[in-house]
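I opened the model to look up three things: the annotated domain, the ligand shell and the nonpolar cores. My entries follow.

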Amino acid sequence: MPLELHELSGDAEFPALVDGLWRGYDQPFNGFWEILKGPSKEECIARYQSWHKADPTSHWLYVTDSETNQVAGAMQWNIFETNPYINGPPSLPAYWWPEGTLKEIADQLFAGFFSGRPSRFGRPHLLISYCFTDPNYRHRGVASLAMKWGLKKCDELGLDAFVESTEDGRGFYEAHGFEVFDDFTLDASTNSPSEEFTQQKVALQLPLHGYYMKRPFVAKLSST
Ligand SMILES: CC(C)(COP(=O)(O)OP(=O)(O)OC[C@H]1O[C@@H](n2cnc3c(N)ncnc32)[C@H](O)[C@@H]1OP(=O)(O)O)[C@@H](O)C(=O)NCCC(=O)NCCS
């Protein structure tokens, strides 16, 4: 099972990448991914492709099993050489869902998620925006390959790395020098919630809890 690391460079790679995303975030259940993935895989492929093309900071690294050519895992690194939050947090209405309860919940979760960034990540840095490994390939160093790509960039640029980690990702990031410095809870609320609103919250397993983690840049002393 030889593993190969690639940096995504063209539209043709998105279907396999998104296929990997759907498998990778499937276990354990991840309510945030449920609202991100949207109603269909075709729509998801087109959206992830357009987000990537519109964002010069985006670098998708993916790992294949060179015996099968299957995507075993991937990581999206954003390289922010300047503070990306000088105008406040990004706004991402969940336009891929039809108007209704799920979209209302998704909009609230995204607003809560992004509002945490400016005060914590408001300076030049690298950010891990996605990180997953297909359940059949876990604990074989897949995510570590993509992690090393980004950590090398951090060291070259002299920048800290940040991530908003799930409960499940925390141990992996700690193994790569990240430390928890804060945590967050994402939830949705409304006045007099309908039965559907309550059911959707249960289905998404809200509230979601996660950790702000940082891998500080440490300058190496020259040995001369
Ligand atoms: C977190 C995740 C990406 C790790 O991927 P992976 O390819 O299995 O990781 P690696 O094999 O490169 O792990 C390297 C080391 O990290 C640590 N590690 C990895 N997964 C871990 C976990 N779930 N808990 C604790 N430590 C973990 C271990 O020290 C591991 O070495 P080991 O396998 O010899 O014990 C994978 O478990 C996953 O996709 N989880 C679901 C999605 C998710 O939560 N992603 C994080 C979103 S922020």
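Where does UniProt place the feature "domain: N-acetyltransferase"? The unreviewed entry puts it at residues 61-218. UniProt positions are in the numbering used here, and annotations may be inferred rather than shown by experiment.

I noted the ground rules. Residues are numbered from 1 along each chain as its sequence is written. This is a predicted model: local features need pLDDT of at least 70, side-chain atom pairs count only at pLDDT 80 or more, and totals for chains, interfaces and linings use all residues.

I checked the domain span. Residues 61-218 are 32% helix and 29% strand, with helices (H or I, at least four residues) and strands (E, at least two) taken as DSSP runs. The end C-alpha atoms lie 24 Å apart.

Next, the ligand. I found 21 residues around it, counting a residue if its C-beta atom, placed from the backbone, lies within 6 Å. Among the closest are Thr133, Ser144 and Gly171. Strand E4 (125-133), helix H6 (142-157), strand E5 (161-165) and helix H7 (170-175) each give two or more residues to this shell. I split the shell into eight nonpolar, ten polar and three charged residues; Gly counts as polar.

Then the cores. I took a core as buried Ala, Val, Leu, Ile, Met, Phe, Trp, Tyr and Cys residues joined through C-beta atoms within 7 Å. Buried needs 20 or more other C-beta atoms within 10 Å of a residue's own. The largest core has 32 residues, and Leu61 is one of those with the most contacts inside it. Strand E3 (70-80) is among the contributing elements and gives the most, five residues. A second, separate core of ten residues includes Phe32 and Leu186.

Conventions
Buried ≥ 20, exposed ≤ 12 C-beta atoms within 10 Å, placed from the backbone.
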